[in-house]
Amino acid sequence: MTGIDARAATGHGLASAGLVIAGGVVTVAAIATIAVGVLAGVMARRIVTPPTKRTDDTRVYRVDLAAGTITLEATMDAVLPGDYSFWFAADSGHARLGAIVDRTAKTVTRRIITVDFGDLGAAGRGRLGGYSFVGPWDLGLEFTNVTVPTELGAAPAWLIPAEEPSGRWVILVHGRGVRRHETLRAVPVFNAAGYSCLLVSYRNDGEAPPSADGRFGLGDTEWRDVEAAIEFAVGNGATQIVLMGWSMGGAIALQAATRARHDGRLTGIVLESPVIDWADVVAYQALTLRLPRAVVRGALVVMGRRWGRAVTGLHLPIDFPRLDFVARANDLSLPILILHSDDDGYVPSTPSRALAERRPDIVTLVPFEVARHTKLWNYDPAAWNAAILGWLGRLGTAHPAVTAGGDVDGTSGTVGTDV
């Protein structure tokens with residue numbers, strides 16, 4: 001082979017190699033794109049699909065019923081100060097746990113306040129939560145089981161009337177994946193302030209009638225059930241109504257406040273660990289799971305487009321700009337109290353702070369630390385109650401006998417429950 005032939009052959013070989021490498025790069029890029037698309041679809045579907053069961057994610061090392069203690073794996077939730085619920089045996093058992101009495105690098109030992117049901121001594125794993133009461137019967141207040149007529153059918157609710165009828169009502173809206181039991185923690189403080197309390201269920205939460213698609217709208221559809229609750233309250237004598245929502249319930253309350261018919265009867269909104277901007281929450285969750293930002297963008301696109309129905313099962317796409325109340329801050333007009341922990345762990349407090357900065361004329365932000373997601377009452381009930389009572393006083397609707405520093409029966413922090 002001549003030098004010219006050798007150079008030609010070498011050049012041909014390099015070109016072939018280059019094509020192979022280029023082809024490999026294209027293949028890898030295609031695979032990466034497909035992987036991102038799959039992850040985005042999985043994330044989108046998971047967000048809008050109501051969970052069917054909760055995982056017992058905390059190991060039980062020892063239960064000493066005689067001493068009234070339980071030793072758990074030292075998870076981030078297990079080491080929080082305060083009183084909490086402990087579900088075990090796939091939710092067939094429930095106990096209430098109190099103060100920490102011992103701590104090692106891997107374990108935490110807590111007081112057992114009471115075992116409500118189930119064999120705690122046989123429990124190998126369980127799940128900590130923030131529910132403070134198993135049911136309204138635990139509050140020592142009169143209550144009635146009622147149903148709220150919604151466009152999908154009758155939604156069960158608890159009505160706990162004020163001691164003296166005043167026309168002041170609060171509608172309490174629970175978060176994603178839990179039920180109205182979550183909102184029982186707020187009843188004593190509102191009851192002491194002279195409010196009748198309506199603890200509602202909403203579509204796809206496992207109690208209220210489901211929607212046709214059986215999917216969460218992240219507030220974009222559930223607000224209609226809160227609108228029905230407002231109409232129920234008005235029909236039963238409400239003249240001034242406060243909405244309170246936890247987590248996704250906060251997003252629902254904000255949608256109801258800006259979209260529902262209420263004839264001027266809404267007077268304020270209380271938000272606990274709220275979702276102010278869903279896009280920010282999705283991005284935070286992806287960061288926690290170490291997923292690329294492209295997955296976040298993809299998940300939002302899938303949930304926000306009609307063609308995404310094939311992946312998510314949503315009957316209608318979600319309007320994420322309409323759920324962003326940092327961007328929509330000027331659309332708000334009611335006084336708002338936000339209670340949020342800066343180390344929430346699930347829903348970042350950044351949007352809550354941003355909304356407070358944009359609307360200092362109507363938004364009061366009370367930041368917490370350590371408390372984590374929807375566990376602010378459990379961590380510091382005195383501060384939580386005082387914040388709400390003080391805000392109600394400034395709202396001009398607090399019961400005259402109640403002061404921000406006063407005691408509220410049933411909220412001393414000695415009882416804790418949640419799922």
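**A first walk through the model**

Hi everyone, let me start with a single residue: T374 is buried, with a relative accessible area of 6%. That puts T374 under the 20% mark that buried residues have to meet. What we are looking at today is a predicted model, so please keep that in mind as we go.

Where do we find T374? The loop between β14 and α9 holds T374. Its backbone is worth a glance too, since phi of T374 is near 55°, a positive value in a residue other than glycine. V370 sits in the loop between β14, residues 363-368, and α9, residues 376-379. Phi of V370 is also positive, near 75°, and V370 is not a glycine either. Is V370 buried or exposed, or something in between? With 32% relative accessibility, V370 counts as partly exposed, while T374 is buried.

Let me zoom out for a moment. The chain has 419 residues, and buried residues make up 51% of them. The secondary structure adds up to 10 helices and 14 strands. Now take the contacts in the chain with a separation of 6 or more: 74% of those come from residues 24 or more positions apart.

Some examples of residues far apart in sequence will help here. G135 is in the loop between β6 and β7, and at 0% relative accessibility G135 is buried. Its C-alpha is 6.3 Å from that of H181, although G135 and H181 are 46 residues apart in sequence.

Next, please find M244 in strand β11, which covers residues 240-246. M244 is buried as well, with a relative accessible area of 0%. From M244 to V170 we have 74 residues in sequence, yet 7.0 Å in space, C-alpha to C-alpha. Which residues does M244 touch, leaving aside neighbours within four places in sequence? Its contacts include V170, I171, L172 and V173, and also F190, W384 and I388. Hold on to F190, because we will meet F190 again in a ring pair.

E151 gives us an exposed residue to set beside M244. You will find E151 in the loop between β7 and β8, and at 56% relative accessibility E151 counts as exposed. A228 is 77 residues away from E151 in sequence and 8.1 Å away in space, C-alpha to C-alpha. Not counting residues up to four places away in sequence, E151 touches R203 and R224.

On to the aromatic rings. The model has 6 aromatic pairs. In one of them, W137 and W158 have ring centres 6.4 Å apart and planes at 85°, so this pair is edge-to-face. Why does this pair tie together separate parts of the chain? W137 lies in the loop between β6 and β7, and W158 in strand β8, residues 153-160, so the pair joins parts that are 21 residues apart in sequence. W158 is buried, at 4% relative accessibility. Ring pairs also bring in F143, giving a cluster of W137, F143 and W158. And W158 has a charged companion: R180 lies over its face, 4.1 Å from the ring centre.

Here is F190 again, as promised. F190 and Y195 form an edge-to-face aromatic pair, with 5.5 Å centre to centre and 80° between the planes. Both partners are buried, F190 at 0% relative accessibility and Y195 at 1%. An arginine turns up here as well, with R168 over the face of Y195 at 5.8 Å from the ring centre.

Last stop: empty space. Rolling a probe the size of a water molecule over the atoms shows where such space is left. How big is the largest pocket? Its volume is about 1600 Å³. The lining has 45 residues, and those closest to the centre of the pocket are R46, R54, R176, Q285 and Y346. Three elements each give two or more residues to this lining: α1, residues 3-48; β6, residues 125-129; and α5, residues 278-288. As for the character of the lining, it divides into 19 nonpolar, 15 polar and 11 charged residues.

If you take one picture away, let it be this pair of views: a buried M244 in strand β11, and a largest pocket with R46, R54, R176, Q285 and Y346 closest to its centre. Thanks for listening!

Notes: Residues numbered from 1 in each chain as written. Predicted model: local features only at pLDDT ≥ 70, side-chain atom pairs only at ≥ 80, totals over all residues. Heavy atoms only, no water. 1 Å grid on protein atoms, 1.4 Å probe; cavity = no way out; pocket = protein on both sides within 12 Å on 5 of 7 lines; lining within 4 Å. Points joined across faces, edges and corners; volume = space filled by probe spheres on them. Helix = DSSP H or I, 4+ residues; strand = E, 2+ residues; numbered from the N terminus. Nonpolar A, V, L, I, M, F, W, Y, C, P; charged D, E, K, R; others polar. Phe/Tyr/Trp six-rings, centres within 6.5 Å; stacked < 30°, edge-to-face > 60°. Buried < 20%, exposed > 50% of the residue type's maximum accessible area, 1.4 Å probe, protein only. Lys NZ or Arg CZ within 6 Å of the ring centre and 35° of its normal. Contact = heavy atoms within 4.5 Å.
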